[in-house]
Amino acid sequence: MTGTESTDLSGAPDPAAGETRPPRRAFGVDVGGSGIKGGVVDLDTGALIGERYKLPTPRPATPAAVAETVAAVVRHFGWTGPLGVTYPGVVVDGVVRTAANVDKSWIGVNAQSAIAAALDGQPVVILNDADAAGLAEERFGAGKDNTGVVVLLTFGTGIGSAVIHNGKLLPNTELGHIDVDGKEAEHRAAASVKERKNWSMKKWSKQVTKVLVAIENALCPDLIIVGGGISRQADEWVPLLGNRTPVVPATLQNTAGIVGAAMASATDVTR
């Protein structure tokens, strides 16, 4: 499968008017701690076209090793057009600024240029992984019927975040690092904290509530979407939360990063 399709985001054709066209395609790669996965995305529906492809994240996960693995995923599909790639940290103009939960050698690296070089110059857009998931969830997932301020929080080793206002992304928010009663939010309520301390859902949800209230006081969101592996058990802990804003689980799960990265490749939302 190859791709250099149009990235026009004007919308799907009108079936009532007899309009038809092939799906508008884009390519996304999601770089995770254990795996690097990618796929071709239908920009009208947010669905993957065909299966995703995944390779193990190299150890150590240096910029050069990750760039080569990303390139291998892209070449698996024969994709030759622009692509989007996620990174688990702050990225400004393609340059990595933080590496809280990844190899520190990433800091200061122009990841956009490194990955483009591994792909012989294909255009690449790099964005924060939670931002990518937030874009996908807001447009195609749990937030698709909402307007106003939507906040996505991903609970895992840390807490990732995305803030979107009426479809516009505010990049690199890093709400997992805000201070909540003298402690970083992710040190208080990441899923890894629950696991390490062997907390019950009830006890952990009290810490999550403190984080959500702090975010509400700063941003007054209209909807909070919770993601990460623990969101699959949302029915066990979301009803226990004591914050004001409606909270719903993410729906795209393992495809959100790929979909959001593909969206970013079509319209660079990182600027």
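Val226 is buried, with a relative accessible area of 0%, and since we are looking at a predicted model, that value, like the others I will quote, is computed from predicted coordinates. The residue sits in strand β13, which runs over residues 223-227. If we leave aside its neighbours within four places in sequence, Val226 is in contact with Leu153, Phe155, Ser231, Trp237, Val238, Val247, Val248, Pro249 and Ala250. Ala264, by contrast, is 38 residues away from Val226 in sequence, and the two C-alpha atoms are 21 Å apart in space.

Let me stay with buried positions for a moment and turn to Thr245, which is found in the loop between α7, residues 234-237, and β14, residues 247-249. Is this loop residue buried or exposed? Its relative accessibility is 10%, and because the cut-off for buried is under 20%, Thr245 counts as buried. Not counting residues up to four places away in sequence, Thr245 touches Glu216, Pro221, Asp222, Leu223 and Ile224.

Another loop residue to put beside that one is Gly158, between β8, residues 149-155, and β9, residues 159-165. Gly158 also counts as buried, at 9% relative accessibility, and its C-alpha atom is separated by 8.8 Å from that of Ala100, although the two residues are 58 apart along the chain.

Now to the helices, beginning with α2, residues 111-118, in which Ala111, Ile115, Ala116 and Ala118 are buried. Seen down the axis of α2, these buried residues fall within an arc of 160 degrees, so they line one face of the helix. As general background, an α-helix has 3.6 residues a turn, so residues three or four places apart point the same way. What do the buried residues of α2 pack against? Their partners are α1, β4 at residues 83-87, β6 at residues 95-96 and β7 at residues 124-128. At the start of this helix, a side-chain oxygen of Asn110 comes to within 3.3 Å of the backbone nitrogen of Gln112, while just after α2, Asp120 adopts a positive phi of about 55 degrees.

The other helix contact I want to show is between α3, residues 129-140, and α8, residues 256-266, whose axes come within 7 Å and cross at roughly 90 degrees. The two helices are therefore roughly perpendicular to each other. On the α3 side, the residues involved are Ala132, Ala133, Leu135, Ala136, Glu137, Arg139 and Phe140, and they meet Ala256, Gly257, Val259, Gly260, Ala261 and Met263 in α8. By class, the residues of this contact divide into nine nonpolar, two polar and two charged.

I will finish with some backbone geometry that deserves inspection on the screen. Arg59 and Pro60 are joined by a cis peptide bond, with omega at about -5 degrees, and Pro60 belongs to the loop between β3, residues 53-56, and α1, residues 63-77. Asn166, which is not a glycine, has a positive phi of about 50 degrees; it lies in the loop between β9 and β10, the latter covering residues 168-170, and with a relative accessible area of 46% Asn166 is partly exposed. Asp181, likewise a residue other than glycine, has a positive phi near 55 degrees. Its place is the loop between β11, residues 179-180, and β12, residues 183-184, and there Asp181 is exposed, with a relative accessible area of 63%.

Note on methods. Residues numbered from 1 in each chain as written. Predicted model: local features only at pLDDT ≥ 70, side-chain atom pairs only at ≥ 80, totals over all residues. Heavy atoms only, no water. Axes fitted to C-alpha atoms, helices over the stretch in contact; angles between N-to-C directions. Helix = DSSP H or I, 4+ residues; strand = E, 2+ residues; numbered from the N terminus. Parallel < 35°, antiparallel > 145°, perpendicular 65-115°, else oblique. Contact = heavy atoms within 4.5 Å. Nonpolar A, V, L, I, M, F, W, Y, C, P; charged D, E, K, R; others polar. Buried < 20%, exposed > 50% of the residue type's maximum accessible area, 1.4 Å probe, protein only. Arc of directions from axis to C-beta. Polar contact = N/O pair within 3.5 Å; in protein donor to acceptor, adjacent residues only side chain to side chain.
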